[in-house]
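Welcome! Take a moment to look over the sequence and the model, and then let us walk through them together.

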Amino acid sequence: MKTKTLMMTGLLSMISAAAFAQNPVAQVHQDNTQIRQDSKQIHQDNREIKHDNAVIAVKKNEVAAGQQQLQAERQQRTTLARAEQADVKKGDLAGAQQLDQARRGEQQVIRQQKQEIKHDEKVIAHRQADKQETKIARHEEKVQRHEDKVKRDHDAAKI
C-alpha cells in the first residue's frame with residue numbers, strides 16, 4: 001500500500017510540475033529572468049565599449065605624439081641637409097659625408113616611425129569599426145527584446 005501511495009504521489013508531483021511548467025505565469029518568470037540576464041550582458045557590453053573608447057583615445061594621443069616627433073625629426077633632417085650642403089660648398093667632403101650618413105640614418109628611422117604610425121591608425125580604424133558593429137548588434141538585440149516584451153505583455157494581458 002505504501003508503495004502504491006508513494007508511486008501515486010510521485011506521479012502526481014511530476015504531473016503538477018509539468019502543468020506548472022506550462023503555466024503562463026512560469027513563462028513570464030522565465031522571460032523576466034532572461035531579460036535580467038540580457039540586461040547584465042548589455043551592461044557588460046557598455047563597460048567593454050567604454051574601455052575600448054579609452055584605449056582608442058590613448059592610441060590617438062600616441063599617434064598624435066608620434067606625428068609631432070616625426071615633424072621634429074624632419075626639421076632636424078632638413079637642418080643636417082643644409083649643413084651638409086654648406087660643407088660641400090666649403091669643400092669639406094669628409095664632413096659632408098658624415099652628415100650625409102647621419103641624415104640617411106635619420107631618414108630610415110623616420111620611415112620606420114611612419115610605418116608604425118600608419119599601422120596604429122589602421123588598428124584604431126579597425127577598433128572603431130568593431131565598436132560600431134557592436135553598437136549596431138546591441139541595438140538590434142534591444143529592438144528584438146522590446147518586440148518580445150511587447151508580445152509577452154500582450155500574452156500576459158490575455159491571461
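A good place to begin is Q113, a residue that lies in helix α3. The model shown here is a predicted one.

Is Q113 buried or exposed? Its relative accessible area is 16%, and buried means under 20%, so Q113 counts as buried. Which residues does Q113 touch, leaving aside those up to four places away in sequence? They are Q69, L70 and E73.

Helix α3 spans residues 93-158, and K122 lies in it as well. Here the picture changes: K122 has a relative accessibility of 55%, and because exposed means over 50%, K122 counts as exposed. The two residues can be set side by side:

| Residue | Helix | Relative accessibility | Class |
|---|---|---|---|
| Q113 | α3 | 16% | buried |
| K122 | α3 | 55% | exposed |

K122 also has a part in a positive surface patch, which it forms with R111, K114 and K118.

Now step back to the whole protein chain. How many helices and strands does it have? There are three helices and zero strands, and from the N terminus on the order reads α-α-α. Of the 159 residues in the chain, 18% are buried; Q113 is one of the buried residues.

The accessible surface of the chain comes to about 12500 Å², and carbon and sulfur atoms make up 55% of that surface. Finally, among contacts in the chain with a separation of 6 or more, 78% are between residues 24 or more positions apart.

How values were computed: Residues are numbered from 1 along each chain as its sequence is written. This is a predicted model: local features need pLDDT of at least 70, side-chain atom pairs count only at pLDDT 80 or more; totals for chains, interfaces and linings use all residues. Side-chain values use heavy atoms; hydrogens and water are left out. Helices (H or I, at least four residues) and strands (E, at least two) are DSSP runs, numbered from the N terminus. Buried means under 20% relative accessible area, exposed over 50%, partly exposed in between (1.4 Å probe, protein chains only). Contact means heavy atoms within 4.5 Å. Accessible areas come from the Shrake-Rupley method with a 1.4 Å probe; for residues, only the protein chains shown count as cover. Patches are made of residues with over 30% relative accessible area and no salt bridge: like charges are joined within 9 Å, nonpolar side chains (Val, Leu, Ile, Met, Phe, Trp, Tyr) within 5 Å. A salt bridge is a side-chain nitrogen of Lys or Arg within 4 Å of a carboxyl oxygen of Asp or Glu. Lys and Arg count as positive and Asp and Glu as negative; His and the chain ends are not counted. The place of a charge is taken as NZ of Lys, CZ of Arg, CG of Asp or CD of Glu.
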